[in-house]
Amino acid sequence: MRGLVLAAGQVLAAAAAGVDDPPKKLTADERKELEAKRLELKATADKAYQGGKYDEAGKALAETLGIARQLYPTDAYPDGHPDVASALSNLGTVYRLQGKLREAEPLAKDALGMMRRLYPEAHPGLAAGLYNLALLYVDRRMHAEAEPLAEEARDAYRRLYSGDHMRVAQASLLLAEVHQARKKWVNAESHYRDYIDMLRRLHPGDHMTVAAALSNLAGLASSRGRLEEAEGLYRDVRDMYRRLFKRDNRDVVVALYGLAGVARGREKWDEAEALYREVADKARRLSDGDHPLVADSLGGLASLQWSRGKLADAEALLREQLAVTRRLYPGDHPDVADCLNRLSRVRSDQGDARAAEQFARDALEMTRRLSRGDHLDLARRLTNLAVLYYAEGQYAAAEPLFAEALGVRRRVVAAFAARASDGEALGFLAALPLVHDPYLCNARSLGTRADRVYPEVWAEKGQLARVFEARQLSVRAAPDPAAARLLADLTENRRRRAALLLEAEVRDPVRARQRADDLRDLDRAIADQIRTAGSFPAVARVAKLAAAAPADLQRVLPAGAAVVDFVRYDHFRYDPAKPGTAGQTRTWSYAAFVLTRDAVTWVDLGPAEPIERAVAGWRRAITSGRAVPADLPAAVRALVWAKVRKELPAGTTTVYVSPDAALCGVPWTALPGDKPGTVLLEDFALATIPHAPFLLDKLWPQDPVRNPPAAALVVGGVGYDADPYGFWAAAAARTGRGPLVKPDQVFGWPTLDGAAAEADGVAAAAGRRKLPTTRLAGDRATPAAVLAELPMARVAHLATHGFFADPSFRGLYELDPKEFERTWRGERVGRVANSPLLMTGLVLAGANRPGTPGRGILTGDALVDLDLSGLGLAVLSACETGLGDVAGGEGVFGLQRAFHYAGCRDVVATLWKVDDAATAALMGEFYHQLWEKGQPPVEALRQAQLAVMRADGKQFGEMARGFKAGKVDLTTVPVKADPKDPASGNHPRLWAAFILSGPGR
């Protein structure tokens, strides 16, 4: 449990507010009398506070504040006075404990402002003001506002108290709670463990603060889905408290409440019910009446009964919880609004629509009064009422509520993501109220026109990517040299973190602790640097793009171009004959929005399950290398493409696809074409885009690049078995541990002879174009060298292995499985969660040597802070470079995304492991089309793929102009799609893996 931090040496602590100063000038006797009265009132307030009599304490403190203002008026004390600051702070704290959060906030903010003026350097009063305002924001669920204050408070206490100290420990605890609320799981656990370690040093053995800290850690484990671990921790907490106290106390009840939640999560219904009832009974006895624990236990028991279908019991418990909560917090309070909202839902499930709506409206109105602006609770209340209307068929009434909820949600996400990492923002997004899906369902039922619905899809899809792209652009464009240094430092810290995460699981306890400390420090440094990056002012282009709409893209779409924007959503339906959830059916479904110069259309594709099954089966057939049964691609076309094709006008030549979820892995070019025996590649040039606003940004006139690069970077013939750093023996000596395998043992990335030949050919072609070329091969093709050369390249060609850290890869590399953990909801919570781009990368020199720093892997995470705004084209001629973690609505967190974040315009990548010889031939034709025939990248790739698809053995070899060095036999005829049909094209495995992300123009 958190302790109250004392302000400026007083018994109470908090923040500040203002009242008018009286004009009268006091005599010496009057000052003496007032000071005596102030001290008397302060003693009264202290005694009342210690006895939990907050009304009495508040009245005394209000008088104390008035006297302090008379004694130290602002005209004589323009910066304020410590006694005024303490009185303001203490009154604010009492208001907070009474649940008068709106009244407390101005007090706390004014007090902190006064403390900052009074104490420009670290001071206990300033630290307390920061801490207590953060506490207030936590109670108001304004965790974004609380986070920087909690961090500043912790840092201030660290400066004030060297070594272990309870103030530092409490600030670490508060910061952990804030990070937990913001779904920053890794940071939260790190702070909790810091707190516990410090407490154990301060209080060896059993101690109530250690037990409370373990309880917090148990809560975190439970929220991360680690229920068995949580249960063990809660039992330890309960047992420790029982050793410390002969009778039950409030903290034992808190532990029992946690155990009840775990039992409910593990569907041990009877055990959970018994524990909840025990908690409620004990809480009533211990509190001698109303107490937050009583309300919480009633709420937990209500949720349990609700889950078991006992709606009448759940309603009775929720009404009792509401009554207790209202007595605890008279007036508006978030907990009261929560109770009203939950009552609306249980009444809806019982079929009482009128009562449900009234509770929902009351909750919404209270939340509007409390939030005074954008807040997630406001989005939740709006959505709840909108869903009620949707379930009743009141679609027109629901629509404006859904629209408002979407706007609130987007603004909250943008504010959070501006200074957060990918992983933090994804975790935050996963915990948000579901608004977009029911909005689409309602719009579909209402028959809302596509051109009115699509702007919401435009704004929702890829919203994190848009924030990160804008942030990177603003930092790169900043004239301040500090911006360039910041990006360089971020790149280095990300590289160091990736190297640690790619170490084999460490079994030596000393080394394991050091690694954990190093990772924690790097996580914190990167988080601080990302926040700094988010503070740079947005450039004009960012503001313009933020205000753009689909109509802006329609105006600049090239002739013959169309955009197909796919969306996966949860389709809610309600049976009016069955109230509540009993009549609800939910089906994951796909829709597509087709955008042309003249129209926007909405295409319903139906349930996701048959689509995703068909896509997975087709991909398996292609990658197996065997003949692909014609019914597999035909099924995907029928389910995914046929309806979309009808909306493409005559004359369409280029299609930009923005896929979602499982559709991110579709090889679009290999779908059956309009005519029998053809493929889609023969009908259209196809490119993918991460989201539609990305395409608009690239089609607008481009801002000039400072010092635009004019060189080519070509990587191929990488020395995977090399020891580029001479690191192997030195590492073993430095760490004091033997190698995990013999020094001459390799992991198994095979040498790519065709990649060496391919890279030589690209370098030769670049030379013919008079492009200065940097060629990296052998032991020179290190991650550090690639990072250094990429910002100086206009074109980059990287012919090497790619990797995606799936379970098989992690097993091969003996990586720590805890770093890749997911919750039961599917969210990543290990350290990799800090950036999903850590899971994808390029394999470079030394990758087969376990001692190579970072395993010779250049992760996507290490690329994002480079300035690649001058890089027009990056060709990732490597296996599976188009793969990555897929996040709904956010696309693939893979290498293409990393290159785009860094500013690269077009990226060619692959969806599966590609054939060495076929790739060399395809790339030979690609550069021939690009540089010798002057085709734009998307058309050059199309022509190259068509050529490989149609080639016979002789043509296949001829396409590899200049790429014939090495041991690869380029005249080998590839496997036909149908060996019995001589007219069929070559197998799609050889050519369909390649996709271009970007405008391709």
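The legends below accompany close-up views of a predicted model.

**View 1. Confidence along the chain of the predicted model.** The chain averages a pLDDT of 84, and 87% of the residues score at least 70. Over residues 1-21, however, the pLDDT is below 50, although this stretch has 97 contacts in the model beyond near neighbours in sequence. The pLDDT is also below 50 over residues 727-746, a stretch with 22 contacts in the model beyond near neighbours in sequence. Where pLDDT is low, the predicted coordinates should not be read in detail.

**View 2. The stacked aromatic pair of F566 and W668.** The count of aromatic pairs in the model comes to 15. In one of these, the ring centres of F566 and W668 lie 5.2 Å apart with the planes at 15 degrees, so the pair is stacked, the cut-off for stacking being planes under 30 degrees apart. This pair links distant parts of the chain, with F566 in strand β1 (residues 561-574) and W668 in the loop between β4 (654-658) and β5 (685-688), 102 residues apart. F566 has a relative accessible area of 0% and is therefore buried, and W668, at 4% relative accessibility, counts as buried as well.

**View 3. An aromatic cluster and a charge placed over a ring.** Y454, W458, F593 and W602 are linked into a cluster by ring pairs. Elsewhere in the model, the charged end of K544 sits over the ring of W700, at 4.2 Å from the centre of that ring.

**View 4. The largest nonpolar core and a second core apart from it.** The largest nonpolar core has 183 residues, and those with the most contacts inside it are L553, F566, W668, L790, F899, F926 and W991. Helix α18 (residues 395-417) gives the most to this core, contributing 10 residues. Another core, of 115 residues, lies apart from the largest one and has Y119, L220, L298 and M366 among its members. In soluble globular proteins, nonpolar side chains tend to be buried together.

**View 5. The surroundings of W991.** W991 is among the residues with the most contacts inside the largest nonpolar core. When its neighbours within four places in sequence are left aside, W991 is in contact with T669, A670, V679, L681, L922, Q945, V948, M949 and N986.

**View 6. Two buried polar or charged residues, E151 and N90.** E151 is found in helix α6 (residues 143-160), and with a relative accessible area of 13% this residue is buried, because the value falls under 20%. Leaving aside neighbours within four places in sequence, the contacts of E151 are with L175, H179 and R531. N90 belongs to helix α3 (residues 82-98) and is likewise buried, with a relative accessible area of 6%. From N90 to G58 the C-alpha to C-alpha distance is 8.7 Å, while the two residues are 32 apart in sequence.

**View 7. Helices α13 and α15, each followed by a glycine with positive phi.** Helix α13 (residues 292-307) has 16 residues, which at 1.5 Å a residue should span 22 Å, and its end C-alpha atoms are 22 Å apart, in agreement with that expectation. Of the 16 residues of α13, 13 are buried, so this helix is largely enclosed by the rest of the structure. G309 follows α13 and has a positive phi, near 80 degrees. Helix α15 (residues 334-349) also has 16 residues and reaches 23 Å from its first C-alpha to its last, close to the 22 Å expected at 1.5 Å a residue. Helix α15 is mostly covered, with 13 of its 16 residues buried, and is followed by G351, whose phi is positive, near 90 degrees.

**View 8. Positive phi values in two loop residues other than glycine, E267 and A661.** E267, whose phi is positive and near 60 degrees, is found in the loop between α11 (250-265) and α12 (269-287). With a relative accessible area of 56%, E267 is exposed, because the value is over 50%. A661 has a positive phi near 50 degrees and lies in the loop between β4 and β5, where, at 16% relative accessibility, A661 counts as buried. The loop between β4 and β5 is also where W668 of the stacked pair is located.

Note on methods: Residues are numbered from 1 along each chain as its sequence is written. Side-chain values use heavy atoms; hydrogens and water are left out. Helices (H or I, at least four residues) and strands (E, at least two) are DSSP runs, numbered from the N terminus. Buried means under 20% relative accessible area, exposed over 50%, partly exposed in between (1.4 Å probe, protein chains only). Contact means heavy atoms within 4.5 Å. pLDDT is the predictor's confidence in each residue, from 0 to 100. Rings of Phe, Tyr and Trp (its six-membered ring) pair if their centres lie within 6.5 Å; planes under 30 degrees apart count as stacked, over 60 as edge-to-face and the rest as tilted. A charge sits over a ring if NZ of Lys or CZ of Arg is within 6 Å of the ring centre and within 35 degrees of the ring normal. A nonpolar core is a set of buried Ala, Val, Leu, Ile, Met, Phe, Trp, Tyr and Cys residues joined through side-chain atoms within 4.5 Å. The expected span of a helix is 1.5 Å times one less than its number of residues.
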